[in-house]
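Student: I've just opened this one and I don't know where to start. Can we go through it together, one feature at a time?

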Amino acid sequence: MTARPDTTEAPWWKRGVLYQIYPRSFADSNGDGIGDLRGIINRLDHLEWLGVDGIWLSPITVSPNADWGYDVSDYCGVQPDQGTFADVDELIAAARARHIRVLLDLVPNHTSDQHEWFVDSRSSRTARLRDWYVWADPKPDGGAPNNWVSSFGGSAWTLDPRTDQYYLHNHLRSQPDLNWWNEDVRNAFDDILRFWFDRGVAGFRIDVCNIIIKDAELRDNPPATAHDSAEEQLYGQRSVYNGNRPEVHEVIQRWRRIADSYEPPRVLVGETPVEDLAKLVEYHGRANDELHLAFNFPFISAAFEAPAMRKIVEDIESLTPPDAWPAWVGSNHDMSRLATRWANDDPRKIRVALLMLFGLRGTPVIYQGDEIGLGDIAVDPPDLRDPLGVSYWPHYAGRDPMRTPMPWRHEPGGGFTDAGATPWLPFGDLAACNVASQHDDPQSALVLARDLIALRKQTPDLHSGSYESLPSPADVWVWRRGTRFVVAVNLSDRPATLDVTEGRLRIGTNRGRDGELLLGSLTLDAWEGVVTEMAY
Ligand code: NOJ
C-alpha cells in the first residue's frame, strides 16, 4: 500500500500517548476503599515517569452509581466520593505542570433517572422537559413502541405508569435516553462542554457518541443476518434506526466548533462502537470537523493474529481522511484487558502487544494497568458491583474483572488504599503483578512501556511518520514508520526470519537485544517484537 506523507508539527494528542484512568480504582487518598481525585494527584509521578501526555478520567460527575458514573445526575458537579472542585482544579494544575492534560468523560446519550431533567420530564405529559427524553405511546396491544433492544439486554423501552407512555433507554432502565432532536438538549450540552473547558479540561471522551440520535419515526430495526456483527446477531436485529443516524454528525460538528473555539483547541475522543470501518472513519467528519479520535472496536475485538490485525490497520490507513488520525486501544473498563484477551496472560504476548500499540501510526490509548500487563481479575459473585455481572452471572461475569484496583505495591491495601481498608473491588494476586516490583526491573513490562513511549516521543518517524505494510510471512506483521523505522512483531509460536536492510534494533521485547546490529537478516523468536532503525 502507498505510504501517506509524514505529519509535521502535529498537535499534542497526535504525537502523544493517552492513558485512561478509572478513578474509583486508581488510587484512594482517604482510606474509604474508593479511588478519588486526590489519589490521582498523588500518583501523577507515575504518569509523568511513564511519559503519558494526557489522561482521560472515566466519569467523576455526580451519579447514583447504578452504572458507576455512566448514569449522571449532575453534569456540572463532582461526585462527592471522588472529591471536590478544588481537587479537580488542583489535578488540572498539577498535571499541567507535568505536561499532562486532563480529559473528562461526557455521557450525552442518557442521564440517570434521578437527574432533575428526568424527574421533571416524567412528572406529566405536559411537563416542561417532557420532550427532553424519548417518550412514546404503547402499541395498541399495550406493547413497547418498537422492537429496539437495550445494549444491556431486554427491551429498550419501559412503561412509566404515571403517564402511560414508554421511555427509551439504550442501557439500564435507570438510564433514560435524551432526545437529541430537541434544541434545548443541544444547548444544555453546549453549556456543559463550555463549563468544563472553561475550567481547563483538555477535552472529552464521549460515551457512545454514535448512537445519541435515534430515528425520528422510531421505526423497527430489521432482523439481523449472518453478515451482521456478533452483537447484532445476539440481539436478533440490525441497529439501523437506534444508532449511527446521519443526523448525529451535525451534533458532533457542533461540539467540534465549541472545542475549536478554545485556545488551545480542546480534543474530542469518541467512544464509537461501529463495526464497519468505512462508517467509523466518517466520525472524523467530511471536512475533518468532527471527532479528533474515534475508538476502533473491531481492532480491540480482533484476534491477536497478524493477518487480522494487519488488515484492520491497513483498512484504517486507506479509509481515514487525509487530515484525520487513528487511535489504537487494547483495553478499557468495559472489555477484557489486553493482557488476558489478546495475550492469555502470557508475558511474551503482553510485551509484543504493548510494542505493537506504541509502534502504530495513531494515538495509543492505554488503560490503567496495561503498562504492567495486568490481566482480568476474577471477582466472586458476592463482590460483584457491575449491574451486568449481577444480572448475568454465571453466563457473563460483567465488567468488574477489568475494573479492580490498581496494584501499586505488594502490601496490605496494595498501595491503592490504607492497610486496614477494604477496596470496593478485590485485588488479584498483588505479588504477581504490581507497579513497585516492575519499576526498577529493566526486564519488566512497565519499563518496556516507559521506554517505548520515550522512544516514540523523541522520534518523529514514530510519533508522526507514515505507516507502510511490508511483506512478511503470514504470522508476522512488519511495517515501516516514516523513513527509517521498521516495527516487526511475530504473532506466532514459531521463530521467523526476515530480510532487513542494515540498521540497529532499538527496543525489543527481549531487552537483551536492544542495540543489536542488523546486517541483512533478523530472526524473531515466537511472540517477539522489535522496533528497528534502518541505516538508510
Ligand atoms: C459505555 C461505557 O464505557 C460503559 O461503561 C457504560 O456502561 C455505557 N457506555 C453506558 O453509558
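Student: Which helix gives the most to the lining of the largest pocket?

Tutor: First, a heads-up: this is a predicted model, where local features need pLDDT of at least 70 and side-chain atom pairs count only at pLDDT 80 or more, while totals for chains, interfaces and linings use all residues. Residues are numbered from 1 along each chain as its sequence is written, and side-chain values use heavy atoms, with hydrogens and water left out. Now, helices 7 (230-235), 10 (297-301) and 14 (387-392) each supply at least two lining residues; helices (H or I, at least four residues) and strands (E, at least two) are DSSP runs, numbered from the N terminus. The one that gives the most, with five residues, is helix 7.

Student: How much space lies in the largest pocket?

Tutor: Let's pin down the word: on a 1 Å grid over the protein atoms alone, a pocket is an open set of points with protein on both sides within 12 Å along at least five of seven lines, whereas a cavity is a set where a 1.4 Å probe fits but cannot get out; lining residues have an atom within 4 Å of a point. Grid points are joined across faces, edges and corners, and a volume is the space filled by probe spheres set on the points. For the largest pocket, that comes to about 1,600 Å³.

Student: Which residues are closest to the centre of the largest pocket?

Tutor: The lining has 48 residues in total. They divide into 17 nonpolar, 15 polar and 16 charged (Ala, Val, Leu, Ile, Met, Phe, Trp, Tyr, Cys and Pro count as nonpolar, Asp, Glu, Lys and Arg as charged, and the others, Gly among them, as polar). Closest to the centre are Ser-151, Glu-231, Tyr-235, Pro-273 and Glu-275.

Student: And between which domains does the largest pocket lie?

Tutor: Domain bounds here come from an automatic or database domain assignment. Two domains both give residues to the lining, so the pocket lies between domain 1 (12-111 + 196-211 + 264-451) and domain 2 (116-168).

Student: What about the second largest pocket: which helix gives the largest share of its lining?

Tutor: This pocket holds about 340 Å³ of space. It has 21 lining residues, with Ile-372, Gly-373, Ala-432, Cys-433 and Gln-438 nearest its centre, and the split is twelve nonpolar, five polar and four charged. The largest share, three residues, is from helix 13.

Student: How far is an oxygen atom of the ligand from an N or O atom in the side chain of Asp-334?

Tutor: The residues around the ligand (those with a heavy atom within 4 Å of it) include Tyr-70, Phe-152, Arg-205, His-333 and Asp-334. A ligand oxygen is 3.0 Å from a side-chain N or O atom of His-110, and for His-333 the distance is 2.8 Å. For Asp-334, it is 2.4 Å.

Student: What's the volume of the largest cavity?

Tutor: Searching the whole structure turns up five cavities of 30 Å³ or more. The largest is lined by 14 residues, including Arg-24 and Trp-68 among those nearest its centre, and the lining divides into five nonpolar, seven polar and two charged. Its volume is about 100 Å³.

Student: Which strands stand at the edges of the eight-strand sheet?

Tutor: Two strands pair if DSSP finds at least two bridges between them. Here, eight strands make an open, parallel sheet in the order 11-10-9-5-2-1-13-12. A strand at the edge has a single partner, so one side is left without a neighbour in the sheet, and that is the case for strand 11 (293-294) and strand 12 (327-329).

Student: In strand 2, which residue is the bridge partner of Ile-21?

Tutor: Strand 1 (residues 18-21) pairs with strand 2 (residues 54-57) in the parallel sense, over four bridges. In strand 2, the partner of Ile-21 is Leu-57.

Student: There's a three-strand sheet too. In strand 8, what's the bridge partner of Trp-135?

Tutor: That open sheet is antiparallel and runs in the order 6-8-7. Strand 6 and strand 8 (residues 165-168) pair over two bridges. The partner of Trp-135 is Tyr-167.

Student: Is the peptide bond from Glu-263 to Pro-264 cis or trans?

Tutor: Pro-264 sits in the loop between helix 8 (248-260) and strand 10 (267-270). Omega for the bond from Glu-263 is near -5°, and the bond is cis.

How values were computed
Polar contact = N/O pair within 3.5 Å; in protein donor to acceptor, adjacent residues only side chain to side chain.
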